[in-house]
Amino acid sequence: MRQNLNRFENAQDSGESIFLDSDTYADIAEYYLHLGQTQKASQVIEQGLASFPNSTSLWISKARIVLTTEHNIQQAYHCLNQVEDTSNLEYTYMLAEIMLEDDQIVEAKELLNHKFEELETEDQQDFLFDTASLFADYEMFDEAKNNTKAYINLLDMFGIPHPGK
């Protein structure tokens, strides 16, 4: 990541063009977003979308920026409507987050439960952990606790050690 970030920033400073894939643009945008540099993150996404207008990762990143910085729920939905690969887990997480922000709590839970049922058992572990974090971010602590318990139960089922064991 660091190497791609340096290449990107050097190209921006020098006015040169470089080739980056869509996921690299999304990673760089997420990096800037994490630093609180939302304008830079948005610019990176727009550059990426100019080259990769059908990029799932870029549209999801754009939806995240629009939701978290502008709090524009409708625009975030619009960004997700541009995603062609709706089977992508990040798409599901982002859609659920928008729904939670839009007070569609029951629908968000149904979406996540449905997606959980579609996953292979080994993928369900990470999914439970990720959704527990999502619920905690929205101060839905009972749901976060339930998903954490289910996560630990799956770890126990597979004999995977964890801090509570």
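A residue counts as buried when its relative accessible area is under 20%, as exposed when that area is over 50%, and as partly exposed in between. With that cut-off in hand, Arg 64 is a good place to start: its relative accessibility is 18%, so Arg 64 counts as buried. Please keep in mind as you look around that this is a predicted model.

**How confident is the prediction?**

The chain has a mean pLDDT of 91, and 98% of its residues reach 70 or more. Confidence is lowest in helix α1 (residues 2-14), where the mean is 84. At the other end of the scale, helix α5 (residues 73-81) has the highest confidence, at 98.

**Salt bridges**

There are five salt bridges in the structure. Three of them are set out here, with the distance between the nitrogen and oxygen atoms.

| Salt bridge | N to O distance |
|---|---|
| Glu 30 and Arg 64 | 3.0 Å |
| Arg 64 and Glu 90 | 3.9 Å |
| Glu 118 and Lys 115 | 3.5 Å |

Which residues are linked with Arg 64 in a network of salt bridges? The partners are Glu 30 and Glu 90. Begin with the salt bridge between the side chains of Glu 30 and Arg 64. Glu 30 sits in helix α2 (residues 22-34) and Arg 64 in helix α4, so this pair ties together parts of the chain that are 34 residues apart in sequence. Arg 64 also forms a salt bridge with Glu 90. That pair links distant parts of the chain too, since Glu 90 belongs to helix α6 (residues 89-101) and lies 26 residues from Arg 64. While Arg 64 is buried, Glu 30 is partly exposed with a relative accessible area of 26%, and Glu 90 is partly exposed at 39%.

The salt bridge between Glu 118 and Lys 115 lies within one helix. Both residues are in helix α7 (residues 105-118), and because they are three residues apart, about one helical turn separates them. Is Lys 115 buried or exposed? At 9% relative accessibility, Lys 115 counts as buried, whereas Glu 118 is partly exposed, with a relative accessible area of 47%.

**Patches on the surface**

Two surface patches are worth finding in your viewer. One is a patch of negative charge, where Glu 120, Glu 122, Asp 123, Asp 126 and Asp 130 gather. Asp 123, one of its members, lies in helix α8 (residues 121-137) and is partly exposed, with 36% relative accessible area.

The other patch is nonpolar, and Met 157, Phe 158 and Ile 160 make up its area of about 280 Å². Phe 158 falls in the segment after α9 (141-157). With a relative accessible area of 41%, Phe 158 is partly exposed.

**Two unusual backbone angles**

Most residues other than glycine have a negative phi. Which residue in the loop between α4 (56-70) and α5 is worth a look here? That residue is His 71, which has a positive phi of about 55 degrees although it is not a glycine. His 71 counts as exposed, at 55% relative accessibility.

Glu 139 is another non-glycine residue with a positive phi, near 55 degrees. You will find Glu 139 in the loop between α8 and α9. With a relative accessible area of 62%, Glu 139 is exposed.

Methods: Residues are numbered from 1 along each chain as its sequence is written. This is a predicted model: local features need pLDDT of at least 70, side-chain atom pairs count only at pLDDT 80 or more; totals for chains, interfaces and linings use all residues. Side-chain values use heavy atoms; hydrogens and water are left out. Patches are made of residues with over 30% relative accessible area and no salt bridge: like charges are joined within 9 Å, nonpolar side chains (Val, Leu, Ile, Met, Phe, Trp, Tyr) within 5 Å. Accessible areas come from the Shrake-Rupley method with a 1.4 Å probe; for residues, only the protein chains shown count as cover. A salt bridge is a side-chain nitrogen of Lys or Arg within 4 Å of a carboxyl oxygen of Asp or Glu. Lys and Arg count as positive and Asp and Glu as negative; His and the chain ends are not counted. The place of a charge is taken as NZ of Lys, CZ of Arg, CG of Asp or CD of Glu. Helices (H or I, at least four residues) and strands (E, at least two) are DSSP runs, numbered from the N terminus. Buried means under 20% relative accessible area, exposed over 50%, partly exposed in between (1.4 Å probe, protein chains only). pLDDT is the predictor's confidence in each residue, from 0 to 100.
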